[in-house]
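Here are a few notes to help you find your way around, written as numbered points. Keep the view open and follow along at your own pace.

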Amino acid sequence: SADAAPLEGVREIPCGQILRDVAVSPCRKFAVVGGDGKVVQGICLDSAAEVARLSPPHSKRISSVAAGPGVVVFSDRGGEVYRLPWPGLSGPPQLVLGHISLVTCVRFNSDFQFILTCDRDEKVRVSRWPQGYDIQCFCLGHTQFLTDVVGFSHDPCGLWAEAKLTAASTSGDGTLKVWDLKTGLCLSSVAVPVSDVAEGCFTPSEGKASGRNETARPTAVAAQVVLAHLRLSATPSQCQCSYVLAVTVEGSEEIPLYRWSRDVSELLPLPPLRPSPGSGAVLRLLVVPAPVADSTASSAECHLWALTAQPPHLHCWRLASEPQGLQTVPCTLPVELCQSLAQRFSLASPRGSQTLCQELSSRKRLKACKD
């Protein structure tokens with residue numbers, strides 16, 4: 001693209017295992033990764049030396065990781081969530097909570113008041129942190145397995161006396177939903193587009209899966225949601241804050257975007273992003289926020305990274321909030337570096353190119369056939 005901006009300072013850090021998840025600490029000084037190697041690795045980001053610290057080997061493969069102040073939590077494929085101290089990741093992991101089914105995602109909410117866990121049985125569990133046994137509520141409404149969740153404040157600028165804590169989740173039922181974390185009520189829901197989803201990436205219709213006599217309606221798997229906080233302000237009292245939610249759809253080459261703001265409690269669609277033609281399906285997204293000098297800054301921006309499948313390749317856009325709306329500018333990266341990074345951090349499991357979402361989808365199809 002003629003308007004593409006160069007992006008520098010990218011490093012490659014080999015981790016030696018198939019990765020399932022990555023999280024960055026609140027202080028932005030370290031990252032943690034986990035995967036099929038049954039270990040959690042911590043990577044220092046503010047040091048010239050790429051030092052990886054290993055946790056004690058776990059008994060099961062790790063499905064998700066999250067980082068909080070001085071702590072790392074991870075979930076395994078047995079449905080349990082554990083915590084480890086940081087720095088060091090030393091000592092035996094301590095059990096935080098457990099599900100009766102596979103935990104697909106674990107996250108903290110924006111102020112670390114709650115820990116959010118998703119599972120294969122269509123629910124989001126909201127537990128108080130650090131007392132994981134203390135359940136605040138369940139967010140119920142999805143009709144297929146959960147794939148991802150992200151927590152955020154309903155009032156990112158802090159202008160309200162009491163901000164509402166919210167979260168967004170994606171599921172195999174092809175929807176993106178926003179929840180009230182105090183009550184578990186669904187505040188908004190949208191169905192992700194399915195126009196370019198590859199054949200074989202659909203989940204069973206809601207009617208067949210639930211046993212109701214409804215018309216068969218194939219749905220795509222909404223695999224991941226990431227959050228970008230963009231701010232446009234003339235003065236702190238006139239601060240206008242909004243969130244941009246980016247979603248991956250299993251088998252789709254498109255990245256749907258939605259806007260959520262405190263003045264409109266509804267998910268509003270934005271023009272979607274598309275990597276270069278022939279890049280294949282989008283597998284993974286990552287948002288890297290840019291630092292803001294002060295609260296009177298005219299705009300805040302971030303970078304959105306996307307991993308695509310064929311061939312494995314990385315794409316990047318700069319997202320910026322402007323008076324006329326959201327501005328998206330593609331960033332250029334060296335081709336060799338993109339291909340090397342994408343191959344190194346591909347999320348494919350040992351079963352060919354089958355991802356965790358595809359595995360859960362196939363299990364749901366089998367269950368629907370048996371029913």
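1. Where is Lys38 found? Lys38 sits in the loop between strand 3 (30–35) and strand 4 (40–44). Please bear in mind, here and below, that this is a predicted model. The backbone at Lys38 is worth a look: its phi is positive, about 65°, although Lys38 is not a glycine. For background, most residues other than glycine have a negative phi. As for its surroundings, Lys38 has a relative accessibility of 33% and therefore counts as partly exposed.

2. Phe112 is another residue to visit. Its phi is about 60°, again positive in a residue that is not a glycine. You will find Phe112 in the loop between strand 10 (103–108) and strand 11 (114–119). With a relative accessible area of 25%, Phe112 is partly exposed, because that class covers values from 20% to 50%.

3. Next, a peptide bond. Trp129 and Pro130 are joined by a cis peptide bond, with omega at about 5°. Most peptide bonds are trans. Pro130 belongs to the loop that links strand 12 (123–128) with strand 13 (135–140).

4. Now for a sheet. In which order do the strands of the open sheet follow one another? The order is 14-15-16-17, four strands in antiparallel pairing. Strand 14 (146–153) and strand 17 (186–191) stand at the edges; each has a single partner strand, so one side of each is left without a neighbour in the sheet. On average, neighbouring strands of this sheet are turned by 15° against each other, direction ignored.

5. You can follow one pairing of this sheet in detail. Strand 16 (residues 175–180) and strand 17 run antiparallel and are joined by five bridges. To trace one of them, start at Thr175, whose bridge partner in strand 17 is Ala191. As a reminder, strands of a sheet pair through backbone hydrogen bonds, either parallel or antiparallel.

6. Finally, step back to the whole chain. How many helices and strands are there in the protein chain? The protein chain has three helices and 27 strands. Of its 371 residues, 51% are buried. Among contacts with a separation of 6 or more, 50% are between residues 24 or more positions apart. The protein chain exposes about 16600 Å², and carbon and sulfur atoms supply 53% of that area.

Conventions
Residues are numbered from 1 along each chain as its sequence is written. This is a predicted model: local features need pLDDT of at least 70, side-chain atom pairs count only at pLDDT 80 or more; totals for chains, interfaces and linings use all residues. Side-chain values use heavy atoms; hydrogens and water are left out. Two strands pair if DSSP finds at least two bridges between them. Helices (H or I, at least four residues) and strands (E, at least two) are DSSP runs, numbered from the N terminus. Axes are lines fitted to C-alpha atoms, for helices over the stretch in contact, and angles run from 0 to 180 degrees between N-to-C directions. Buried means under 20% relative accessible area, exposed over 50%, partly exposed in between (1.4 Å probe, protein chains only). Contact means heavy atoms within 4.5 Å. Accessible areas come from the Shrake-Rupley method with a 1.4 Å probe; for residues, only the protein chains shown count as cover.
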